[in-house]
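Colleague: I am new to this structure and would like to begin with one part of it. Please choose a single sheet and take me through it slowly, explaining your terms as you go.

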Amino acid sequence: MIRELKKVDDHISLFEMKSNALEVLVTNFGGTIIRLLMPDKNGQKGDVVLGYDSIAEYQTKDAYLGALVGRTANRTRKGTFSLNGKTYTLPLNDGPNSLHGGVHGFSQKVFDAKIQGDSLVLTYLSPDGEEGYPGNLRLTATSTLTGGTLTLRYQATTDQDTLINITNHSYFNLSGGQEDICNHTLQVHSDTYACIDANGLPTGEFRDTQGTPFDFHTPARIGDVLARQDEQLTLGRGVDHPFLFNRAEDQVVLCHPASGRRLTISSTLPGTQVYTGNQLDGRIGKYGIAYPKHFGICLETQNLPDAIHLEQDPSTILKKGDVYDETTSYTFEVVQS
C-alpha cells in the first residue's frame with residue numbers, strides 16, 4: 001500500500017509505503033527516505049535509518065541523510081572534467097573536489113511525484129548547465145515496496161553526452177538507534193577496493209581486499225575493523241572506500257545480531273561506497289537522538305567514483321540517445337537465531 005500522507009507545502013509531500021514487513025516514509029524533497037520501520041526478533045518496531053524530524057532540517061543541514069544524490073555521487077577531482085573535447089567546471093563543495101552533484105545537487109531538488117500502482121514515481125528535469133553539467137537530463141526514480149524488499153530504480157536520458165552516477169545515501173542503523181554500528185557485522189562480496197587520499201578522493205590505486213581491514217568476504221564486526229591500524233583507515237577516519245563487486249546479486253549483507261535484523265542489498269551496479277559515518281558530529285536527529293561518529297553506515301551502490309578520470313571507458317558517461325537504467329533492492333529480514 002502507498003498513499004500521500006500529507007503535504008508539507010504546495011510542492012513537498014510525504015508518502016507512506018506499507019507492507020506486512022516494513023513501513024517506509026519518503027518525501028519528494030531530494031527523493032529522501034525519512035523513516036523505515038521494521039520489527040526486531042522480539043517484535044518490537046524500530047526505525048533503522050537516520051534522519052531528521054522536519055523537512056526544514058533536511059533543507060538546511062548537510063550529510064545527505066537518506067537522500068538521492070546526483071548527478072554524480074561521490075567526488076569529482078578538482079571539480080572539473082573533459083568530455084568530447086570540452087572542459088566543464090563543477091562547484092567545489094568538499095575541499096578541493098566536487099561532491100554528490102554540487103552545492104545544489106539532486107538531494108536538494110523537489111521532484112514531481114505520482115503514485116503509480118504500488119510504486120512512487122519521482123521525476124526531475126535537470127537543465128543543461130545545472131551545477132556545471134552538460135545536457136538536459138531527465139531522471140525517473142521509482143520506489144516499490146514488496147514485503148520486506150524496497151526496490152529503487154533509477155532511469156535517465158539526456159540530450160547531450162553527460163555524467164551520471166546516482167545512489168541513495170541512507171545511513172542504516174539496524175539497532176533502531178539504540179547504539180552505534182560497531183556491533184553490526186558487514187559482508188561485502190568484493191575482491192578489490194579503491195584507495196583514497198586525505199580528501200576522500202580515489203587515487204586510482206586498487207588493492208586486493210584479502211588479508212586487509214577491507215576484507216569483508218565473511219561477516220566482520222565493524223567495531224573490530226575500525227580498531228585496526230591501517231593507513232587507509234586513518235585517511236578515511238574509518239571506512240569511506242569504494243568496493244568492486246565480484247558477484248551479480250546479493251552483494252552486501254549488514255546484520256545486527258542483538259536485534260536479529262538483517263539487510264541484504266542486491267544491485268545492478270558494479271560496486272558500493274562503504275561509509276561508516278566517520279564525519280557524523282553529534283548532531284541531533286529524529287526522536288532527539290544524537291548522531292555521533294559511527295552511528296550509521298552508508299552502503300552507496302554506484303559506478304566507480306571519479307570514473308571520468310580513472311577509467312579508460314568511463315562508466316559514468318551517459319551518451320545522448322542512451323538510457324541509464326540501474327536498480328538496487330534492499331531486503332530487510334529478522335533472523336531469530
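**A sheet built from hairpins**

Modeller: Let's start with a hairpin: strand 2 and strand 3 form one, with 4 residues between them. Strands here are DSSP runs of E with at least two residues, helices are runs of H or I with at least four, and both are numbered from the N terminus. Please keep in mind that this is a predicted model, in which local features need pLDDT of at least 70 and side-chain atom pairs count only at pLDDT 80 or more, while totals for chains, interfaces and linings use all residues. Residues are numbered from 1 along each chain as its sequence is written, and side-chain values use heavy atoms, leaving out hydrogens and water.

Back to the hairpin. Strand 2 and strand 3 run antiparallel and are joined by 5 bridges; two strands count as paired if DSSP finds at least two bridges between them. To find one of these bridges in the view, look for Met17, whose partner in strand 3 is Val24.

On the other flank of strand 2 you meet strand 1. These two also pair in the antiparallel sense, over 5 bridges, and a hairpin of 5 residues joins them. Arg3 is a handy marker here, as its bridge partner in strand 2 is Glu16.

Strand 2 itself spans residues 13-18 and is mostly covered, with 5 of its 6 residues buried. Buried means under 20% relative accessible area, exposed means over 50%, and partly exposed lies in between, using a 1.4 Å probe and protein chains only.

Now step across to strand 3, residues 23-27. Strand 3 pairs with strand 4, residues 32-39, over 5 bridges, again in the antiparallel sense. Val26 shows you where, since its bridge partner in strand 4 is Ile33.

Put these pieces together and you have an open sheet of 5 strands in the order 1-2-3-4-5, with antiparallel pairing. Strand 1 (2-7) and strand 5 (45-47) stand at the edges with a single partner strand each, so one side of each has no neighbour in the sheet. Direction ignored, neighbouring strands of this sheet are turned by 20 degrees against each other on average. The axes behind such angles are lines fitted to C-alpha atoms, for helices over the stretch in contact, and angles run from 0 to 180 degrees between N-to-C directions.

For comparison, look at another open sheet, where 6 strands follow the order 17-28-25-22-19-20 with antiparallel pairing. At its edges stand strand 17 (171-172) and strand 20 (202-208), each with a single partner strand, so each has one side left without a neighbour in the sheet. Inside that order, strand 25 (residues 271-275) and strand 28 (residues 297-302) pair over 5 bridges in the antiparallel sense, and Gln273 has Glu300 in strand 28 as its bridge partner.

Gln273 also leads us to Leu299: leaving aside neighbours within four places in sequence, Leu299 is in contact with residues including Gln273, Leu186 and Val274, where contact means heavy atoms within 4.5 Å. Leu299, Leu186 and Phe332 have the most contacts inside the largest nonpolar core, which has 57 residues. Such a core is a set of buried Ala, Val, Leu, Ile, Met, Phe, Trp, Tyr and Cys residues joined through side-chain atoms within 4.5 Å. A second, separate core has 17 residues, among them Leu14 and Tyr275.
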